[in-house]
Amino acid sequence: MLESSDCEEVTVLRDRRARAVAVIALHDTRRGPAHGGIRRFAYPRLEDAVSDVVALARAMSRKCALAGVGAGGGKAVILDHPDLDRAGAYRLVGRAVERLGGRFFTGPDVGTTMADLQVVSTCTRYVATGAPGSGPGDLAVATATGVFSALAALAERLDQPLAGLRVTVQGVGAVGLELCAALHEAGAELLVSDVSAERAAVAAERFGARVLAPDAVLTEPCDVFAPCAMGHAIDRDVADRLPARGVCGAANNVFADTDAPSVLHARGVVAVPDFLANAGALIVGADFNLEGRSPDLARVRRIAATTSELLERSRREDRPPIEVAREIADERLAAGSSRGNVGSA
Ligand code: NAI
């Protein structure tokens, strides 16, 4: 399969009794063991799951390289459906992760709760469950801290203070809600949307956020659009009309087509690459897994400096930030080196 041709390994797993199919992709382990969470999603076909897991694993490799973390990219996905034996599916993934013997460390992603990760941990030690005191801590908080740091650097680039900055957060789940908390504390004005009305209501109540209907999120003017739901929120058409000055969120693979970043760039909309902004969980996870270090959010906050340097280089070279970031990451992957950040590229 062409789209997986740059992956070291793609494995399809089945457990007939659990009516479960899952896929694990190890993209690139030249810099260190693969890191990446488990996504459970209702993919229409196995091919869709394979292309998603490969794209997500590739993004993890670039994320590691850009964050200067000595790890590589991997990911697991479970094909969700109404008859799935959920615990059986997570055990299927857990057994496969254990068989990999430390070549792949996994953790949360969309559709995977702490309870699911506890199930995985009955089969393998190579999983971060998020349980207090037992690993790298609350990964959603680490991710939100990174996104907030990147967003602060973006605000500086846009010459707008965080206080009064109008931010639309699409998806107020684990990461989106924590991001809202940080932005609220910094005095930003929040607009939120979620397909779960209940979750949106929580953000409205806790942070005075204005709730938007999910389809209004791309047309309501704001300063920064923060996609924190699923990927592919921005295609060429959306890029052409998104009423924002910047984009910075947690959602992986936010661009639905290849020319969306240049369309935004041509309009002067500054988009921070997702794989730079959302590296927080990876940083604390890899620190813990590879060096036994306890979570240090100060290391995550360094994403702000990396973002500033990247946005400056993008301005200087008049190229979309994601293009510059991919180039730096791919050079580092090819070199197999775990050192450096954007500034030293
Ligand atoms: P989550 O599942 O806790 O939250 C996602 C939220 O988005 C849910 O509340 C869901 O109802 C909502 N949603 C789904 N489709 C939507 C739509 N079309 N419009 C509005 N809301 C919608 O997931 P989590 O952990 O908060 O992750 C969010 C994103 O960040 C995902 O794309 C994930 O891959 C990415 N990410 C998460 C990390 C983590 O540490 N949890 C690490 C790096 C990336």
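1. Start at the ligand, where one of its nitrogen atoms sits 3.4 Å from a polar backbone atom of Val-195. Two arginines reach the ligand through their side chains: a polar side-chain atom of Arg-199 lies 2.5 Å from a ligand oxygen, and one of Arg-39 lies 2.9 Å from a ligand oxygen. Do keep in mind as you look around that this is a predicted model.

2. How much of the ligand does the protein bury? On its own the ligand exposes 830 Å², and the protein buries 83% of that. The elements giving two or more residues to the surrounding shell are helix 4 and helix 5. In total, 23 residues surround the ligand, and the closest are Thr-143, Val-175, Asp-194, Arg-199 and Ala-229.

3. Now have a look at helix 5, which runs from residue 174 to 185. Its twelve residues reach 17 Å from the first C-alpha to the last, close to the 16 Å expected at 1.5 Å a residue. Just after the helix comes Gly-187, with a positive phi near 90°.

4. Which residues of helix 5 are buried? They are Val-175, Gly-176, Leu-177, Leu-179, Cys-180 and Leu-183. A useful rule when you study such a list: an α-helix has 3.6 residues a turn, so residues three or four places apart point the same way. The buried residues of helix 5 pack against two helices, helix 4 (139-157) and helix 6 (197-207), and against strand 7 (166-170), strand 8 (189-193) and strand 10 (224-227).

5. Leu-183 also turns up in the largest nonpolar core, which has 76 residues. Together with Val-167, Val-169, Phe-225, Ile-234 and Cys-248, Leu-183 touches the most other members. Helix 4 supplies the largest share of this core, nine residues. A second, separate core has 24 residues, among them Ala-22, Ala-89, Tyr-90 and Leu-92.

6. Phe-225 is a good residue to click on. Setting aside neighbours within four places in sequence, Phe-225 is in contact with several residues, including Thr-168, Gln-170, Val-217, Leu-218, Ile-234 and Cys-248.

7. Finally, find Asn-253 in the loop between strand 11 (246-247) and helix 8 (260-266). Is Asn-253 buried or exposed? With a relative accessible area of 18%, Asn-253 counts as buried, because the cut-off is under 20%. Beyond its neighbours within four places, Asn-253 is in contact with Ala-55, Leu-56, Ala-59, Gly-231, His-232 and Asp-274. Asp-274 is 21 residues away along the chain, yet the C-alpha atoms of Asn-253 and Asp-274 are separated by 6.8 Å.

How values were computed. Residues are numbered from 1 along each chain as its sequence is written. This is a predicted model: local features need pLDDT of at least 70, side-chain atom pairs count only at pLDDT 80 or more; totals for chains, interfaces and linings use all residues. Side-chain values use heavy atoms; hydrogens and water are left out. Helices (H or I, at least four residues) and strands (E, at least two) are DSSP runs, numbered from the N terminus. The expected span of a helix is 1.5 Å times one less than its number of residues. Buried means under 20% relative accessible area, exposed over 50%, partly exposed in between (1.4 Å probe, protein chains only). Contact means heavy atoms within 4.5 Å. A nonpolar core is a set of buried Ala, Val, Leu, Ile, Met, Phe, Trp, Tyr and Cys residues joined through side-chain atoms within 4.5 Å. A residue is near a molecule or strand if one of its heavy atoms lies within 4 Å of it. A polar contact is a pair of N or O atoms within 3.5 Å; within protein, one must be able to donate a hydrogen and the other to accept it, and residues adjacent in sequence count only if both atoms are side-chain atoms. Accessible areas come from the Shrake-Rupley method with a 1.4 Å probe; for residues, only the protein chains shown count as cover.
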